[in-house]
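I opened the notebook with a short list of things to look up. Burial comes first, then the overall fold, then the cysteines.

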Amino acid sequence: MSKLAVIILTRNEEANIEAAIASAAFADEILVIDSGSTDRTQELAEKHGARFITHPMDEEGFAGQRNFALTQTEADWVLYLDADERIGNELAVEIRNHIAERPAYAAEIRRVNVVMGKTMYHGVYRPDYCQRLFRREQVRWESVVHEHALTDMPLVRLKTSMEHLCLTDWTQYISKLDRYTTLMAEEMKLRGKKTGMLHMHSHALFAFLKMYVLKGGFLDGRQGFILCQFHYFYTLMKYIKLYELYKSEKNN
């Protein structure tokens, strides 16, 4: 029988790691790849039977962490799970059945996003599909922030969704925004992308209109409007940081 390893990337996830591991209990192995937690993430992960490995995040970002994880297990299949995601019993059964019945196919999973206790159906946090289940030897990852899988396996969608408790408060959101916009700016610079004042503001405005109007963010009421406004700020900030990277390079 094919063995399955669930891989969870962490950094200071003591609030989430126990529930994430519990939802992955159907796997043969749970592997936590940690990039430098200073809280109780390791203690709690090991308490619940996960194998905990510390691996500093380098210039390859999240893709590098995912690729490193592949070298730390001998399982036939790997399932990537974020610490704030939850797999229900029905999805667990479907994953096991997929491995047994469709071994030639990778799978993506529909993710239902919950923001501060409210399920979002439109706009920035509308449900999305994530590629997560692969034969271990047939996947690699690339890109620093919004990493994506490289695989020769054909892809199918599982029927059952997983829950994503992506934001619990605005402090968490601001912290993530700051971290991700820095990584995005660095990634864009590596690709040779440049920006100017008009360019950065027009991109931010388009990002807001796309999410609020075209993607229906207005249908999620007040919270949908606030999240689309923050998406404007997120987009603007990553271009400002990109601009500053070039400015700093020129001054040095």
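I call a residue buried when its relative accessible area is under 20%, and exposed when that area is over 50%. I note at the start that this is a predicted model.

**Entry 1: a lysine in a helix.**
Is Lys238 buried or exposed? I looked up its relative accessibility and found 14%. That value is under the 20% cut-off, so Lys238 counts as buried. I then placed Lys238 in the fold: it belongs to helix α7, which covers residues 221–251.

Which residues does Lys238 touch, leaving out those up to four places away in sequence? I listed Thr181, Met184, Ala185 and Met188. I followed up Thr181. It is 57 residues from Lys238 along the chain, yet their C-alpha atoms are separated by 4.5 Å.

**Entry 2: the whole chain.**
I counted the secondary structure next. The protein has seven helices and twelve strands. The radius of gyration is 19 Å, and the globule rule gives 18 Å for 252 residues. The two are close, so I write the protein down as being as compact as a globular protein of that length. I also took the extent of the C-alpha trace along its principal axes, about 55 × 45 × 40 Å.

How much of the protein is buried? I got 47% of the 252 residues. Then I looked at contacts with a sequence separation of 6 or more. Of these, 72% are between residues 24 or more positions apart.

**Entry 3: surface and charge.**
I looked up the exposed area: about 13000 Å². Carbon and sulfur atoms supply 52% of that area. For charge, I counted 32 positive and 34 negative side chains. The centres of the two sets lie 7 Å apart.

**Entry 4: cysteines.**
How many disulfides does the structure hold? I found zero. I checked Cys130 to see why. Its sulfur has its closest cysteine sulfur in Cys166, at 11 Å, which is too far for a bond. A disulfide would need the two sulfur atoms within 2.5 Å. From the other side, the closest cysteine sulfur to that of Cys166 is in Cys130, again at 11 Å and too far for a bond.

I applied the burial cut-off here too. Cys130 has 10% relative accessibility, so I log Cys130 as buried. Cys166 has 2%, so Cys166 is also logged as buried.

How values were computed:
Residues numbered from 1 in each chain as written. Predicted model: local features only at pLDDT ≥ 70, side-chain atom pairs only at ≥ 80, totals over all residues. Heavy atoms only, no water. Helix = DSSP H or I, 4+ residues; strand = E, 2+ residues; numbered from the N terminus. Rg over C-alpha atoms; globule rule 2.2 N^0.38 Å. Buried < 20%, exposed > 50% of the residue type's maximum accessible area, 1.4 Å probe, protein only. Contact = heavy atoms within 4.5 Å. Areas by Shrake-Rupley, 256 points an atom, 1.4 Å probe, with all protein chains shown as cover. Lys, Arg positive; Asp, Glu negative; His and termini not counted. Charge placed at Lys NZ, Arg CZ, Asp CG, Glu CD.
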